[in-house]
Amino acid sequence: MSRVALTTKYMSKSARVDMITLHARGWNERKKENLHKYLSRRYLKTVQRKKVVQEDIEALKNTTGRSDEELRQWVIDVKQWAVDTPDDLRTDDSVGLQHLIEGLFLGIQQKKKELYRVADRNKRRNRMRRRIAEDKKKLSEAISHYNDLAASTDAFDSVEDLLATDSPIWPWHCDHDTTLGLKKRVFDQVMLLDRLTEEETILVVEMKQHWNSLLKICRALKDQATVLSDDLGVHSYPSGLLHQAYHGLHSAVLEHLEKLKTDLVVKETSKYGGMSG
């Protein structure tokens, strides 16, 4: 509704209501006419993106030399890691500090990558920069507490040295080939694939519902046109209308029916009808 704010700002109350009503009806009409295009485009994009994600998961599986069962175990490990990560700094919990340091590091790295790729406004970028600064402060405190507890060989130098490395080797990890960053990458791809699969299913259901609703309206118009034609044939006008008015009503219903049939042909030609079932 903000689009009509400037055009209706200085109108009277009644004129503003009429103008907003006209705009709303126009928007709804465009949505109704273009709904099949929007759903079909979104469906095709979802299928294409799902295929890309599946290829990425296969590439990760081939690169790491892991099986499907091992990748699923990595997903479980990341979920468990998120559960075990404490919300606050506990100076006497070295394992909790380890999880917290890893989580803050991954969060900062991800926010840095999304700073200009996802955030398209300065206001959002500034908010992300403040969040990065807050996470850096927490990471510095967590590292300080961990260095007090850990041995000198396992201590960290500084936050900047840690963040300068894309994939740091954590001193508490025995298997350096399966870092939390790699597991988190697999976890993100698996979760994205699940979301795309769910979205694909929802879009198929929505397309079926839209297609069936159009067919239902078409059948209702056919039945109404048949009733009106029979009444005109026997010169019976139940609604109390004159002959010309009743004939005009019959013509309007036929016109609407023909327009709907044309729309159905267009939607079926664009393979929307085929995708919806």
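Visitor: Why are helix 2 and helix 7 called roughly antiparallel?

Guide: In this predicted model, helix 2 (residues 13-64) and helix 7 pack at an angle of about 155°. Angles over 145 degrees count as roughly antiparallel. Helix 2 and helix 7 therefore earn that label. Their axes are 9 Å apart, and their crossing is left-handed.

Visitor: What places E200 in this picture, and which residues does E200 touch?

Guide: E200 is found in helix 7 (residues 180-233). Leaving out residues up to four places away in sequence, E200 touches Y43, T46, V47 and K50. The C-alpha atoms of E200 and L44 are separated by 9.0 Å. Along the chain, E200 and L44 are 156 residues apart.

Visitor: What makes the pairing of E200 and K50 a polar contact?

Guide: The distance between the side chains of E200 and K50 is 3.0 Å. The cut-off for a pair of N or O atoms is 3.5 Å, with one able to donate a hydrogen and the other to accept it. The side chains of E200 and K50 make such a contact.

Visitor: Why does E200 count as buried or exposed?

Guide: The relative accessible area of E200 is 18%. Buried means under 20%. So E200 is buried.

Visitor: How do you know whether helix 4 and helix 5 are roughly parallel or antiparallel?

Guide: The axes of helix 4 and helix 5 cross at roughly 155°. The bound for roughly antiparallel is over 145 degrees. That makes helix 4 roughly antiparallel to helix 5. The two axes come within 9 Å. The crossing of helix 4 and helix 5 is left-handed.

Visitor: Which residues have the most contacts inside the largest nonpolar core?

Guide: They are I101, L139, I143, F156 and L162. The core has 22 residues. The elements giving two or more residues to this core are helix 3 (68-84), helix 4 (94-117), helix 5 (122-149), helix 6 (159-163) and helix 7. Helix 4 supplies the largest share, seven residues.

Visitor: What does L162 contact, leaving aside its neighbours within four places in sequence?

Guide: L162 is in contact with I101, F105, L139, I143, F156, P168 and W170. Another core lies apart from the largest one. That other core has 12 residues, among them L214, L221, Y246 and L264.

Visitor: Why is Y146 called buried?

Guide: The relative accessible area of Y146 is 4%. The limit for buried is under 20%. Y146 is therefore buried. Y146 is found in helix 5. The C-alpha atoms of Y146 and L97 are separated by 6.4 Å, with their positions 49 residues apart along the chain.

Visitor: What makes Q109 buried?

Guide: Q109 has a relative accessible area of 13%. Under 20% is buried, so Q109 qualifies. The place of Q109 is in helix 4. Not counting residues up to four places away in sequence, Q109 touches L163, T165 and D166.

Visitor: How do you know whether T8 is buried or exposed?

Guide: T8 has 4% relative accessibility. Buried requires under 20%. T8 therefore counts as buried. T8 lies in helix 1 (residues 5-8). Its contacts, leaving aside neighbours within four places in sequence, are R16 and M19.

Visitor: Why does H235 count as exposed?

Guide: H235 stands at 59% relative accessibility. Exposed means over 50%. H235 therefore counts as exposed. H235 lies in the loop between helix 7 and helix 8 (243-269).

Visitor: What makes the phi of H235 worth a remark?

Guide: Phi of H235 is near 55°. That is a positive value in a residue other than glycine. Most residues other than glycine have a negative phi.

Visitor: How many helices and strands are there in the protein?

Guide: There are nine helices and zero strands. From the N terminus on, the elements run α-α-α-α-α-α-α-α-α.

Visitor: How many of the 277 residues of the protein count as buried?

Guide: The share is 31%. A residue joins that share if its relative accessible area is under 20%.

Visitor: What share of the contacts with a separation of 6 or more comes from residues 24 or more positions apart?

Guide: Such residues account for 66% of those contacts in the protein.

Technical notes: Residues are numbered from 1 along each chain as its sequence is written. This is a predicted model: local features need pLDDT of at least 70, side-chain atom pairs count only at pLDDT 80 or more; totals for chains, interfaces and linings use all residues. Side-chain values use heavy atoms; hydrogens and water are left out. Helices (H or I, at least four residues) and strands (E, at least two) are DSSP runs, numbered from the N terminus. Buried means under 20% relative accessible area, exposed over 50%, partly exposed in between (1.4 Å probe, protein chains only). Contact means heavy atoms within 4.5 Å. A nonpolar core is a set of buried Ala, Val, Leu, Ile, Met, Phe, Trp, Tyr and Cys residues joined through side-chain atoms within 4.5 Å. Axes are lines fitted to C-alpha atoms, for helices over the stretch in contact, and angles run from 0 to 180 degrees between N-to-C directions. Angles under 35 degrees count as roughly parallel, over 145 as roughly antiparallel, 65 to 115 as roughly perpendicular and the rest as oblique. A crossing is left-handed if the near helix is turned anticlockwise from the far one by less than a right angle, and right-handed if clockwise.
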